[in-house]
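Student: I am new to this structure and would like a close look at a single part of it. Could you choose one pair of charged side chains and take me through its surroundings with care?

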4 protein chains.
Amino acid sequence: MIIIMRHGASKEQIRKVLDFIKLKNRQPHMSKGETHTVIGAVGEACIDPREFELLEGVKEVIKVSSSYKLASRVFQQEDSVVEVNGEKFGANNIGLIAGPCTIESEEQIFACAKEMSESNVKIIRGGAFKPRTSPYSFQGLGLEGLKLIRAAADKYNLAITSEVMEISQIPMFLDYVDILQVGARNMQNFNLLKELSKINKPVILKRGLSATINEWLMAAEYILAGGNRQVILCERGIRTFEVATRNTLDLCAIPVIKKLSHLPIIVDPSHGTGLRDKVVPMSLASTAAGCDGLIIEVHNNPECALCDGAQSLYPEQFRQLYKQLKQLAPVVNKTIR
Amino acid sequence: MIIIMRHGASKEQIRKVLDFIKLKNRQPHMSKGETHTVIGAVGEACIDPREFELLEGVKEVIKVSSSYKLASRVFQQEDSVVEVNGEKFGANNIGLIAGPCTIESEEQIFACAKEMSESNVKIIRGGAFKPRTSPYSFQGLGLEGLKLIRAAADKYNLAITSEVMEISQIPMFLDYVDILQVGARNMQNFNLLKELSKINKPVILKRGLSATINEWLMAAEYILAGGNRQVILCERGIRTFEVATRNTLDLCAIPVIKKLSHLPIIVDPSHGTGLRDKVVPMSLASTAAGCDGLIIEVHNNPECALCDGAQSLYPEQFRQLYKQLKQLAPVVNKTIR
Amino acid sequence: MIIIMRHGASKEQIRKVLDFIKLKNRQPHMSKGETHTVIGAVGEACIDPREFELLEGVKEVIKVSSSYKLASRVFQQEDSVVEVNGEKFGANNIGLIAGPCTIESEEQIFACAKEMSESNVKIIRGGAFKPRTSPYSFQGLGLEGLKLIRAAADKYNLAITSEVMEISQIPMFLDYVDILQVGARNMQNFNLLKELSKINKPVILKRGLSATINEWLMAAEYILAGGNRQVILCERGIRTFEVATRNTLDLCAIPVIKKLSHLPIIVDPSHGTGLRDKVVPMSLASTAAGCDGLIIEVHNNPECALCDGAQSLYPEQFRQLYKQLKQLAPVVNKTIR
Amino acid sequence: MIIIMRHGASKEQIRKVLDFIKLKNRQPHMSKGETHTVIGAVGEACIDPREFELLEGVKEVIKVSSSYKLASRVFQQEDSVVEVNGEKFGANNIGLIAGPCTIESEEQIFACAKEMSESNVKIIRGGAFKPRTSPYSFQGLGLEGLKLIRAAADKYNLAITSEVMEISQIPMFLDYVDILQVGARNMQNFNLLKELSKINKPVILKRGLSATINEWLMAAEYILAGGNRQVILCERGIRTFEVATRNTLDLCAIPVIKKLSHLPIIVDPSHGTGLRDKVVPMSLASTAAGCDGLIIEVHNNPECALCDGAQSLYPEQFRQLYKQLKQLAPVVNKTIR
């Protein structure tokens, strides 16, 4: 922590700051400049920078950003690679996940799985438990949905990712699902993260609607700290004042994350934009920005989808996009299987 | 849902929109203006407005905001009043809750409870399970903390509010705590809300950092829909670009909520500002704006608080504030016990 | 500027940072902690902190926030007071400004001026040049409007505030207007600010929709630096994700500004909320939070106002509010004339 | 405008709404659904939707978004193309602009112009008048700067773009500059826009820090409405809560704009990110998203730049980026000269 004293702060005021640092079991380091005295407070003991702002003569207090360790590129220089069913996320690999927003019926999920399989997809997505703003909206098929998607995936040789909403669902998910997904609203559900740190399957951690990149990496740290090193970050748009799109996709988060962390980062352009005709350009843009994968909503019959049909691609659109992505990837030294 | 066609949209384009509405099991109502044709889609069936944005000739699609019912003032005209230990929230009553951020030790919580009791407070706050951005920060005393605060509260005749973070903790909270609090990060933890809808104790529902007022009322609807009508809303600041304060306290949410809903709304100026010297003016401002209560952090020794000491009032400051609030309340036709 | 080196940064990396600081004509100060080396760069020469972020081994670079000087409470301890027509803003005085959004006609502005005069108001507001989002909206009466409001104000013994949009309008405003107002969209129109720094009349500087408090004070510094010390800051809401109100009124800006600066700060609850029934509670809340004044839209016939009628109070509502404000002010040690 | 009545609104309440619409010189159209009555108000007369929100029985009022006309794709189906010095922006052309943030000296601007010319650039950028947050920061070389960049550009056969800050500067800019740029802070400086609508040179209109896409197009409408059809929109990042980057580059604005408008849209990844190592990935991403051009800061000696050196590319980096962009463009059916 760094405390910058006001221009003209008195000796007495400086002394009180130094004393307070010691009271808090930290070592003070003072540095006198021409206009300002700057005091560093070094050590393990946790202190709240705001306490110093309240002292007389203090101009500004700056906290060195809270440290994720295991998620940091300082801790691990090389890119982490997560591999599921032959699909790789990280390093120079771009992995693809595609499928419907929600598992709706046996017929629908088998039709989607067939389409995905024929489109060279190796991992299907599909929600069984849906976080809905309204208690009166469709809440998903639950366990029944997981059984259906498992059967469909097995038939077509696919792995599965699906959103887990709550600790008690984890055992069920371990039985049916290959990658557990944490939704944006649960990014700081720390108890859930702690439980997911103990499992032996990859976790996709979506960025919260109003989470800073630092908070996002701290949330990943919860999973890593418990021993699960298979974490995939997923940018899915943040909440801003702009209303033309559902969310504002923050693609610059990709190079920012790649610099700070070794973890793979994928993008969800479907939730990130909320509109089908924006999904293709944003998928291409994400890839050009250096992402390690994409998770895209595709539905065999979007007009009749129970949920988020408007942001789902038609299978034919997805296949066309796939071709463009394969052309694009080598320009940024990436590979798509 | 309202669909506004572009100026000059063709008959064919309009027909397709009407057909699509019928396909979705809704009744279309068309209204031709001088410049635009406007089509309403009425009925119970849920449809996604974005699907219409993708049709040719459509200028704009407007969703009638998703409806909370039980939380609405249309459903219940009179203000709901929640009463705990003689303290009332709602109608013309302003209820006060005060106490430390965190339960730290037997000595600390008894000292705080004594101070609160001597300050005429009837409900003490104190966290036993703490949601922390970093996995390496102090996570609270847990069950041990709940036992300590219960003992202290019993000695001084206080009721207790404390934050519940997870479904499995609910039975434990029902044993020790009088008001269960849902933190900002859990505002859309729908599974937790559903479980809290079944209990027989009041729930304080904090507003999420990036939650709109509409989403907040929808979250309250989850609790109400399950049968628990004792819901208190708590404004605690939203996340904006401004960095001078920890959050931006949205005090206009008070009159907005009072118009839309019958539920009591209280304010947490401690988390809302993050700085002790802002707590007093924001408590006064909240009261002047018409809030139904305040939840304020007070610590017997803020400099040594384990958490958020910088936003905790000294007991003496709190007593002074109490006096000002009592003077202020009658100006806006409110009463403080 | 403070540079924090990564844990484990090499001597070579540290040396390069020190060299770079010297290249930029600043003095480096190094401080080695247990985990991190911290380097300060002191001096007048302006450097861009981001240049250091790009060096190897650098964890984080922190800029000491750019310094306003004349606006700072360090420069002047006592509150500045601006007085116009017997109405005072600052110290323990709350000044009131009221009137219509726009000057519409001779009849309207004389009717409004009469109402204001009978309501004990000393300063009337009214726009002659209107910044409108659309080029097709009513743009104000211009010079004709200024002449009308001057005549009406003279008849009823009122001073005038009105928004100046552009440098070439300043001489005209100096002829007709007593307080020149800079709108939110022009807060960082630096050329306009520089010209206003040379005039001898007070300036109300509205906060930009997305301006931080620091940027706002820096904008005030432009006016102060040129020699005009009569600056009144005006909080009028910031842009956030919330759509229930036109803007989010940031009332905590009041105590924040009062701590950082000696300048008076007033609040515009009319633009800040956009709805008449929110103006009264937000006026009361602003006063309780310690503001130095209010600027409120009042219209003799809001239903027929050409602009913003929905956020204008009826004269009777304003008189009622005035009474409440007079009761409230003493609770926070303030006076309303 | 659309007025949605509450469930159970009385006939009397509905009648009052209809009357109010007529009072405002609009035609009401009523449509009774099963749960809600919906009333449209059609016509030219301008009314404020908020006035209706204040009427009894009204649930919600929805404004059809304010209409830009000339900027709309409905007005003009084909993409507008702006051509300067052989460089084209729009349709399937991606135009490039590059150069230093600021004109610093004769030596610097000639060195930069030479580098640009050797990198196949046809349009150089460079600021002569700089909008600076602090009045104490370097404010640019002014007219002297414009003369220097003109001489350098002439020597190397380049066109020039530079930011105009104020109406009185326009004649000077017309003498020296080929494309006039409106900065983000001036996007809603409507008087400036009106004057620029009368000139015969292209205008780059940067998006305001907190401007919605709708407001941005309305600002463009000001320029178009006066007769200047050579408008280029420029996305340069919006202000959000995220602090890891200077701004949040909203790349989804590209497909949104392409759908709503025929105007070309370019991206400024230098200001949009604020960091050199983010400029390359964001340039590639912008191109993949379908932008019509890029404006990139390149400096012959970034470490010694007077302003924003940290976000300027080295000439060698720029040439490498150029190669990547040429490979990437065909994937999205675009051409770079």
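Tutor: Let us begin with Arg207(C), which counts as buried because its relative accessibility is 0%, bearing in mind throughout that this is a predicted model. The partner of this side chain is Glu235(C), and the two meet in a salt bridge with a distance of 2.8 Å from N to O. Glu235(C) is likewise buried, at 0% relative accessibility. As for where the two residues sit, Glu235(C) belongs to strand β12 (residues 231-235) of chain C, while Arg207(C) is found in the loop between β11 (203-206) and α7 (213-225) of chain C, so the pair ties together parts that are 28 residues apart in sequence. In chain A, salt bridges that share partners join Arg207(A), Glu235(A) and Asp250(A) with Glu242(D) of chain D into one network.

Another salt bridge may help as a contrast in setting. The side chains of Arg15(A) and Asp19(A) meet in a salt bridge, at 2.6 Å from N to O, and these residues are four apart in helix α1 (residues 11-23) of chain A, which means that about one helical turn separates them. Arg15(A) is partly exposed, with a relative accessible area of 39%, and Asp19(A) is also partly exposed, at 36% relative accessibility. A further pair, Lys278(A) and Asp277(A), forms a salt bridge at 3.0 Å, N to O; here Lys278(A) is buried, with a relative accessible area of 4%, whereas Asp277(A) is partly exposed, with 32%. Over all chains, the structure holds 80 salt bridges.

Notes: Residues numbered from 1 in each chain as written. Chains lettered and ligands numbered in written order. Predicted model: local features only at pLDDT ≥ 70, side-chain atom pairs only at ≥ 80, totals over all residues. Heavy atoms only, no water. Salt bridge = Lys/Arg side-chain N within 4 Å of Asp/Glu carboxyl O. Buried < 20%, exposed > 50% of the residue type's maximum accessible area, 1.4 Å probe, protein only.
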